[in-house]
Amino acid sequence: MNEALAASEALGVSEAEEIIHRELTAFARRARASAGRMHPELSLVSYTLLAHLEEQDGCRATDLAAHYALDKSTVSRQVTALERTGLVERRPDPDDARVQVLHLTDAGRRILAQVTVSRRAAFRERLADWPEEDLVRFATYLERYNAR
């Protein structure tokens, strides 16, 4: 049995919860800091919103707010900034012209692609010495945690 596994088995639930909280907080801080290094004009929230818009092939601002559990005013500020920089545009919903749907512009797709390449390289570097089994387990745990 390796040392990390032996140490983890000695932890109680309360201690494990505290460690999880501390490490998720450190993860979030690191993610915010690295977002600025990957593209100085694109915050972590902006990157996340762009990625979601690409994945969904557009959506309403209220859908973004609901999906990420963000306040509508927060999403509105972020979307306005993305529109000003030419990364996002509003288009009428083909099913209801009263509704505006957010879509990536060509510039938005290019920036997102650049940042995605940088982000993946950073992850590969950080996880390079992890065995495949650990990577798969970690990915499964993160999905399970975020599914709630």
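Tutor: Contact here means heavy atoms within 4.5 Å. This is a predicted model; local features need pLDDT of at least 70, side-chain atom pairs count only at pLDDT 80 or more, and totals for chains, interfaces and linings use all residues. Residues are numbered from 1 along each chain as its sequence is written, and side-chain values use heavy atoms, with hydrogens and water left out.

Student: What pattern does the protein chain follow along the sequence?

Tutor: Start with the elements, which are DSSP runs numbered from the N terminus: helices (H or I, at least four residues) and strands (E, at least two). The protein chain has 7 helices and 2 strands. Read in sequence order, its pattern is α-α-α-α-α-β-β-α-α.

Student: How many residues join E1 to E2 in the hairpin?

Tutor: Strand E1 covers residues 88–93, and strand E2 covers residues 96–104. Strands pair if DSSP finds at least two bridges between them. E1 and E2 run antiparallel, joined by 6 bridges. The hairpin connection between E1 and E2 has 2 residues.

Student: Which residue in E2 is the bridge partner of Val-88?

Tutor: Take another pair of this ladder as a guide: Glu-89 stands opposite His-103 in E2. The two strands are antiparallel. For Val-88, the bridge partner in E2 is Leu-104.

Student: Is His-103 buried or exposed?

Tutor: His-103 sits in strand E2. Buried means under 20% relative accessible area, exposed over 50%, and partly exposed in between (1.4 Å probe, protein chains only). His-103 has a relative accessible area of 12%, so this residue counts as buried.

Student: Which residues is His-103 in contact with, leaving aside its neighbours within four places in sequence?

Tutor: One of them is its opposite residue in the ladder, Glu-89. Others in the contact list include Leu-87 and Val-88. With neighbours within four places set aside, the full list is Asp-57, Gly-58, Leu-87, Val-88, Glu-89 and Arg-91.

Student: What relative accessibility does Arg-90 have?

Tutor: Arg-90 lies in strand E1. Arg-90 counts as partly exposed because its relative accessibility is 36%.

Student: Which residues does Arg-90 touch, not counting those up to four places away in sequence?

Tutor: Gln-100 is among them. The C-alpha atoms of Arg-90 and Gln-100 are separated by 5.8 Å, although the two are 10 residues apart along the chain. Outside that sequence window, Arg-90 touches Val-79, Glu-83, Gln-100, Val-101 and Leu-102.

Student: What distance separates the C-alpha atoms of Ala-51 and Leu-112?

Tutor: Ala-51 belongs to helix H3, residues 44–56. Ala-51 is partly exposed, at 25% relative accessibility. Along the chain, 61 residues set Ala-51 and Leu-112 apart. Their C-alpha atoms are separated by 7.0 Å.

Student: What share of contacts between residues at least 6 apart in sequence joins residues at least 24 apart?

Tutor: This value describes the protein chain as a whole. Contacts count for it if their residues are at least 6 apart in sequence. Of these, the share that joins residues at least 24 apart is 45%.

Student: What percentage of the residues in the protein chain is buried?

Tutor: His-103 is one of the buried residues, whereas Arg-90 is partly exposed. The protein chain has 148 residues. The buried part of the chain makes up 22%.
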